[in-house]
Amino acid sequence: MGTGRYLPWLERHADRDARAIGPPLIHYTAALAPISGGLPYVVTLYDLSVLRDPLHHPPMRVARLAWMAAAARRARIVIVPSQATARDVVRAFRVPQRKV
């Protein structure tokens, strides 16, 4: 599923599809989560280079920064691959360090 279909599914159907299965927690692996979802989740953010160098990223990725920040703040836990990304998430998205 490409981003052209993934993003509408994520916002309109991901929460409903997950509820049908009944997990206690969802793991969103692409830095985004449904804005209107009600199920608890964790989210993985691989890096925030889009903040430091937005001209080297597709415009749609830059446009999704606010959505990424909201997903990170609402997540139970934010999974990151490095201390550098953890610092970026805490600083740029105002996520409490205990959640990263």
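A residue counts as buried when its relative accessible area is under 20%. Keep that cut-off in mind as you explore this predicted model.

**Stop 1: a threonine in a helix**

Select residues 83-93, which form helix α6, and pick out Thr85 within them. Is Thr85 buried or exposed? Its relative accessibility is 6%, so Thr85 counts as buried. Now show its neighbours: leaving aside residues up to four places away in sequence, Thr85 touches Leu45, Tyr46, Asp47 and Val80.

**Stop 2: the nonpolar core**

Leu45 is a good bridge to the next stop, as it is among the residues with the most contacts inside the largest nonpolar core, a set of 27 residues. Select the others named with it as well: Leu10, Tyr28, Tyr41, Met68, Val78 and Phe93. Colour the elements α1 (3-12), α2 (14-21), β1 (26-28), β2 (41-44), α5 (65-74) and α6, since each of them supplies at least two core residues. Which element gives the largest share? That is α5, with 6 residues.

Next, zoom in on Leu10. Not counting residues up to four places away in sequence, Leu10 touches Tyr28, Leu32, Ala33, Pro34 and Trp67.

**Stop 3: the largest pocket**

Finally, turn to the largest pocket, whose volume is about 310 Å³. Select Ala30, Ala31, Arg61, Arg64 and Met68: of the 15 lining residues, these lie nearest the pocket's centre. Two elements, α1 and α3 (49-52), give two or more residues to the lining, and α1 gives the most, with 3. Colour the lining by class and you will find 9 nonpolar, 3 polar and 3 charged residues.

Definitions and conventions: Residues are numbered from 1 along each chain as its sequence is written. This is a predicted model: local features need pLDDT of at least 70, side-chain atom pairs count only at pLDDT 80 or more; totals for chains, interfaces and linings use all residues. Side-chain values use heavy atoms; hydrogens and water are left out. Helices (H or I, at least four residues) and strands (E, at least two) are DSSP runs, numbered from the N terminus. Buried means under 20% relative accessible area, exposed over 50%, partly exposed in between (1.4 Å probe, protein chains only). Contact means heavy atoms within 4.5 Å. A nonpolar core is a set of buried Ala, Val, Leu, Ile, Met, Phe, Trp, Tyr and Cys residues joined through side-chain atoms within 4.5 Å. On a 1 Å grid over the protein atoms alone, a cavity is a set of points where a 1.4 Å probe fits but cannot get out, and a pocket is an open set with protein on both sides within 12 Å along at least five of seven lines; lining residues have an atom within 4 Å of a point. Grid points are joined across faces, edges and corners, and a volume is the space filled by probe spheres set on the points. Ala, Val, Leu, Ile, Met, Phe, Trp, Tyr, Cys and Pro count as nonpolar, Asp, Glu, Lys and Arg as charged, and the others, Gly among them, as polar.
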